Every structure is written in structure tokens, then in C-alpha cells.
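Subject: the structure I promised you

Hi,

Here is the structure I said I would pass on. Have a look at it first, and then read on for what turned up.

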Amino acid sequence: MRLFEDLKAVALKGDNLRAFQTDWDFALEQISDADRPSDQILENLYREQIEKSHQIKGPYDLYKQAATFEGKPLSYERLYDMVEIHLEDREKKKLREQHDKKNAYPAKRTNSRTPGGPTKHKIGPLIFSILF
């Protein structure tokens with residue numbers, strides 16, 4: 001029974017879904033199959049925390065709409081998978097951005113000085129016609 005209380009104590013802190021998911025998984029793994037709560041109870045406990053998250057608001061709203069308007073039952077497995085997919089997508093995006101940033105070519109620098117020669121200045125046609 002104490003392990004179930006540990007699971008109930010797992011909370012979303014500061015919209016950190018990854019930390020919540022890790023803590024949730026750890027607490028649930030400590031509970032034997034015989035003592036594991038029903039999926040309905042798990043869905044309720046899990047949903048109470050997930051609905052506080054701002055970063056998963058869109059997918060969570062779709063989850064609720066499917067239950068309300070399409071008659072799909074609330075499902076711990078679907079809700080859990082939704083969060084996992086969101087976290088995986090976010091991690092992939094972060095890795096892609098890091099990769100793109102790492103492999104991005106530096107902006108071409110225009111050198112107005114010719115090596116060993118005088119400084120050259122370019123004057124646009126409009127400015128040139130105004131000056132002369």
C-alpha cells in the first residue's frame with residue numbers, strides 16, 4: 001500500500017514532463033503486478049498531473065475531445081503514449097536543431113580590404129548619382 005501512496009505522490013513540477021514521466025515510471029515499477037492499480041485508476045492519477053502541463057495542452061485537448069465528442073473511452077495507455085510521443089518529438093527536434101546549428105555554414109564575410117592592397121569601398125548607384 002505504501003508503494004501506491006508513492007505513486008500518488010508523483011507530481012508534475014514546473015511543467016517538467018520528462019522528470020514527471022521518469023518519476024512516474026520508477027514509482028509504477030516498484031509496484032508488483034498483483035498490487036498494480038487498474039488502468040482506470042492509473043489514468044485518473046496520471047491525467048490529474050498531465051492536465052497541468054502547458055507544453056502538452058494541444059494533444060491533451062484532442063484527447064479530451066475524442067472522449068467527449070467521439071465517445072472514445074479515457075485510456076491510461078493512450079494518454080501515456082501521447083506524453084511519450086510528445087517527449088520523443090521534442091527530443092528529436094532539439095537534436096535536429098543542435099545538429100543544424102553545428103553544421104551550419106558561417107555567414108559569408110565580405111572583406112572590404114584586398115590583402116596587401118588599398119581599402120575598397122562600394123557605393124551604390126543611387127548614392128553615386130546623388131554625389132556626382
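Let me start with the aromatic rings: a search of the whole structure turns up 8 aromatic pairs. Tyrosine 46 and tyrosine 76 make one of them, an edge-to-face pair with 5.7 Å centre to centre and 85° between the planes. Tyrosine 46 sits in helix H3 (residues 39-50) and tyrosine 76 in helix H5 (residues 76-103), so this pair ties together parts that are 30 residues apart in sequence. Bear in mind throughout that this is a predicted model.

Are these two tyrosines buried or exposed? Tyrosine 46 has a relative accessible area of 0%, so it counts as buried. Tyrosine 76 comes out at 8%, and with the cut-off for buried at under 20%, tyrosine 76 is buried as well.

Tyrosine 76 has another partner. Its ring and that of tyrosine 80 have their centres 5.9 Å apart with the planes at 45°, so this pair is tilted. For a tilted pair the planes are neither under 30 degrees apart (stacked) nor over 60 (edge-to-face). Both residues belong to helix H5, where they are 4 residues apart, about one turn of the helix. Tyrosine 76 and tyrosine 80 are both buried. Put Phe20 and Trp24 together with Tyr46, Tyr76 and Tyr80, and you have one aromatic cluster.

Next, the nonpolar core. The largest one has 22 residues, and Leu7, Trp24, Tyr46, Ile50, Met82 and Val83 are those with the most contacts inside it. Helices H2 (17-29), H3, H4 and H5 each supply at least two residues of this core. Which helix gives the most to it? That is H5, with 6 residues. If you want a spot to zoom in on, try isoleucine 50: leaving out residues up to four places away in sequence, isoleucine 50 touches Leu17, Phe20, Ile56, Tyr60, Leu79, Met82 and Val83.

Now for how the helices pack. The axes of H2 and H5 come within 11 Å and cross at roughly 135°. The two helices are therefore oblique to each other, and H2 passes H5 in a left-handed crossing. On the H2 side the contact is made by Leu17, Arg18, Gln21, Trp24, Asp25 and Leu28; on the H5 side it is made by Tyr76, Tyr80, Val83, Glu84, His86, Leu87 and Glu91. Trp24, Tyr76 and Tyr80 in that contact also belong to the aromatic cluster.

H4 and H5 pack at an angle of about 160°, with their axes 10 Å apart. That makes H4 roughly antiparallel to H5, and the crossing of these two is right-handed. Here H4 makes the contact with Pro59, Tyr60 and Tyr63, and H5 with Arg78, Leu79 and Met82.

About that proline: proline 59 is found in helix H4 (residues 57-69). Proline 59 has a relative accessible area of 33%, so it is partly exposed. Proline 59 and histidine 86 are 27 residues apart in sequence, and their C-alpha to C-alpha separation in space is 8.4 Å.

One backbone detail to look at is aspartate 15. Aspartate 15 has a positive phi of about 60° although it is not a glycine. Where does aspartate 15 lie? You will find it in the loop between helix H1 (2-9) and H2. Aspartate 15 is partly exposed, with a relative accessible area of 21%.

Finally, the overall picture. The protein has 6 helices and 0 strands, and along the sequence the pattern reads α-α-α-α-α-α. Of its 132 residues, 24% are buried. Taking contacts between residues at least 6 apart in sequence, 62% join residues at least 24 apart.

If you open just one view, I would go for the ring pair I began with, tyrosine 46 and tyrosine 76, edge-to-face.

Cheers

Note on methods: Residues numbered from 1 in each chain as written. Predicted model: local features only at pLDDT ≥ 70, side-chain atom pairs only at ≥ 80, totals over all residues. Heavy atoms only, no water. Phe/Tyr/Trp six-rings, centres within 6.5 Å; stacked < 30°, edge-to-face > 60°. Buried < 20%, exposed > 50% of the residue type's maximum accessible area, 1.4 Å probe, protein only. Core = buried A, V, L, I, M, F, W, Y, C linked by side-chain atoms within 4.5 Å. Contact = heavy atoms within 4.5 Å. Axes fitted to C-alpha atoms, helices over the stretch in contact; angles between N-to-C directions. Parallel < 35°, antiparallel > 145°, perpendicular 65-115°, else oblique. Left-handed = near helix turned anticlockwise from the far one by under 90°.
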